[in-house]
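Visitor: I would like a close look at one part of this structure, and then at how other parts compare in kind. Please keep the account plain.

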Amino acid sequence: MWAWVTRDIAPGLLDRGVRVARCHDLDLVGRILVGRGMLAPGDEPEPVTPAHANPAPGGAALFDADEVEHGEADDHDRLVARLDRQLAALDRARDGGALRVLVRAESAGALCAAEMRHAGLPFSVDRHEEVLLDVLGPRGPGGRPVHLEEAGALVRAALGDPRASLDSPRELVRALRRAGLDVETSSKWELWGVDHPVVEPLMRYRHLYRLLTANGWAWRADWVHDGRFRPEYVPGGVVTGRWATSGGGALQLPREIRSAAVADPGWKLVVADAAQLEPRILAAMSGDVGMARAGAERDMYLAFVERGVVPDRDSAKVALLGAMYGSTTGRSATLLPSLERAFPRAMATVAHAARQGERGEQVATWLGRTSPDAAPGVRPRDHGRFTRNFIVQGTAAEWALVWLAGLRFALARLTGAASPAGAPLESTPHLCYFLHDEVVVHTPERLAERVSDTIRQEAERAGRLLFGNTPVSFPVSIAIVDDYGAAKGS
DNA sequence: CATCCAAGCGCG
DNA sequence: AAAGCGCGCTTGGATG
């Protein structure tokens, strides 16, 4: 077990072919403990902005928890003191069991993130080029793709305004209003309600423009090297405990270009998606027996319909999402009373979290990550909606961390290694992409079926580890594919 | 000149 | 159609 700041140390080790089995990430754990008030903010160093954080030179912040191996004495002493404070705080915790699980999972997640960045998502420049040429067309004389220019010309023709500016929302609204459209914004939903020949080409123009600017040639030049897309993941980067990214936009990879993520020859991508994760999490954490029984089913939404709670599957989804997000209007609000009748404890759980937030109190996830205080000026109702969702989104993130952490070990064992430390990252099945409730494993073809089984087993194990004997299951939909775009749902 | 914000849209 | 949660990234335009 290593205690360190993973972001600083792991990349250099991975460059040298070294993986470790486990770690205790001082930054990530420190943040959790400070958030809970178990450590004073002054006990932890000021966080470094991840995007500009540079790896410490020569492993200066590296040491073994039991025995000093490296490191300048000063740094070493400071880090040991930090670790001591964190371990002591964990010892003092009244019910530290869940928190220890969180600490381990959060740290394991940091290792996963470093390894995924190191391995990268296999990415074919040729296939990406095909998509760009197909959708955007070749780049014309001005450097702008011809299909984009064509769509732009159609927009300007429909507006009768050859000089209309299309890339600035404010200018665009003015141009639309000059052309007689009664719109306040240029947003998609408002334009969809307008009957005018400009709408179709404008939608197309914006779609193409988005692809060009967010995932076009410039993006590829910045983020794809040696056949791998290597974004920077930021574990714990979202207040709820979800990961964020810093550069590369890995968590917004559009479906349109996922077909460019192609497995190496003789290898496969195993794409796995936890089905209806957040509703299942709510069912398990609230202890609502009826909802947990529905959560035992493969399709939870359909189970709602079969029990006569809602008329159809789409209503089930809208109602449940509305309940977890704090919707107060529209269809989901109409469906809420019947949800409350059928699943009183589940609904009370989110309602209670909302009230706590409205009163300015912290709420906590299942494993004990706490919500931040409301920023000044935030209305209580808005903060209540945030805390309502926080407990579910944050617990789902914890489930996903446990899933990832278990998977990392199980994949190593598939190759006969005792732990990830004994499995060479890039020549054995490894995680290569993660998206909140979805993972992609890059694996030699002959192991793909066993990888699938392992992913499913680890999902169920994550559920047991968090919730014990709940009836709720955590099914995973899996596709073994040559390219990410061929996975169901893509 | 750098930096910040809003709009819009990609993802869950 | 959004509504109701959490993000990152790009652009243009305003502000320092």
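At what angle do helix H1 and helix H4 pack, and how far apart are their axes?

Guide: The model is a predicted one. In it, helix H1, residues 6-15, packs on helix H4, residues 96-119, at an angle of about 45°, and the two axes are 10 Å apart. That angle makes H1 oblique to H4. The crossing of the two helices is right-handed. On the H1 side the contact is made by Thr6, Ala10, Leu14 and Asp15, and on the H4 side by Ala110, Leu111, Ala114, Glu115 and His118. Sorted by class, the residues of this contact are five nonpolar, two polar and two charged.

Burial in H1 can be set beside that list. Thr6, Asp8, Ile9, Ala10, Leu13 and Leu14 of H1 are buried. H4 is part of what covers these buried residues, and the cover also includes strand E1 (2-4) and strand E2 (23-25). Just after H1 comes Gly17, which takes a positive phi of about 80°.

Two other helix pairs can be read in the same terms. Two packed helices are described by the angle between their axes and the distance between the axes.

Take helix H6, residues 146-159, and helix H9, residues 199-215. H6 and H9 pack at an angle of about 150°, with axes 8 Å apart. An angle over 145 degrees counts as roughly antiparallel, and H6 and H9 are therefore roughly antiparallel to each other. H6 passes H9 in a left-handed crossing. From H6 the contact takes in His147, Leu148, Ala151, Gly152, Leu154 and Val155, which meet Pro201, Leu202, Arg204, Tyr205, Leu208, Tyr209 and Leu212 of H9. By class, this contact has 10 nonpolar, two polar and one charged residues.

Two residues of H9 in that contact, Tyr205 and Tyr209, also matter for the aromatic side of the account. A search of the whole structure finds 14 aromatic pairs. The rings of Tyr205 and Tyr209 have centres 6.0 Å apart and planes at 10°, so this pair is stacked. Along H9 the two tyrosines are four residues apart, which separates them by about one helical turn. Their accessibility can be given residue by residue: Tyr205 is buried, at 1% relative accessibility, while Tyr209 is partly exposed, with a relative accessible area of 26%. Elsewhere, Trp366, Trp399, Trp403, Phe467 and Phe474 form one aromatic cluster.

Trp399 of that cluster leads to the next helix pair, where it is one of the contact residues of H17. Helix H11, residues 277-286, and helix H17, residues 380-414, pack at an angle of about 100°, and their axes are 9 Å apart. H11 is thus roughly perpendicular to H17. In H11 the residues involved are Leu277, Glu278, Ile281, Leu282 and Met285; in H17 they are Asn389, Ile391, Val392, Gln393, Thr395, Ala396 and Trp399. The contact of H11 with H17 has eight nonpolar, three polar and one charged residues.

Ile391 of H17 serves in that contact and is also touched by Val363. Val363 lies in the loop between helix H16 (344-358) and H17. With a relative accessible area of 4%, Val363 is buried. Leaving out residues up to four places away in sequence, Val363 touches Ala353, Gln356, Arg369, Thr370, Ser371, Thr387, Phe390 and Ile391. Val363 and Arg379 are 16 residues apart along the chain, and their C-alpha atoms are separated by 17 Å.

Last come two backbone details in loops. Most residues other than glycine have a negative phi, and most peptide bonds are trans. Asp226 is not a glycine, yet has a positive phi of about 50°. Asp226 is found in the loop between strand E5 (224-225) and strand E6 (228-229). At 76% relative accessibility, Asp226 counts as exposed. His436 likewise is not a glycine and has a positive phi, of about 70°. The loop that holds His436 runs between strand E10 (430-434) and strand E11 (438-444). His436 counts as partly exposed, at 22% relative accessibility.

Note on methods:
Residues numbered from 1 in each chain as written. Chains lettered and ligands numbered in written order. Predicted model: local features only at pLDDT ≥ 70, side-chain atom pairs only at ≥ 80, totals over all residues. Heavy atoms only, no water. Axes fitted to C-alpha atoms, helices over the stretch in contact; angles between N-to-C directions. Parallel < 35°, antiparallel > 145°, perpendicular 65-115°, else oblique. Left-handed = near helix turned anticlockwise from the far one by under 90°. Contact = heavy atoms within 4.5 Å. Nonpolar A, V, L, I, M, F, W, Y, C, P; charged D, E, K, R; others polar. Phe/Tyr/Trp six-rings, centres within 6.5 Å; stacked < 30°, edge-to-face > 60°. Buried < 20%, exposed > 50% of the residue type's maximum accessible area, 1.4 Å probe, protein only.
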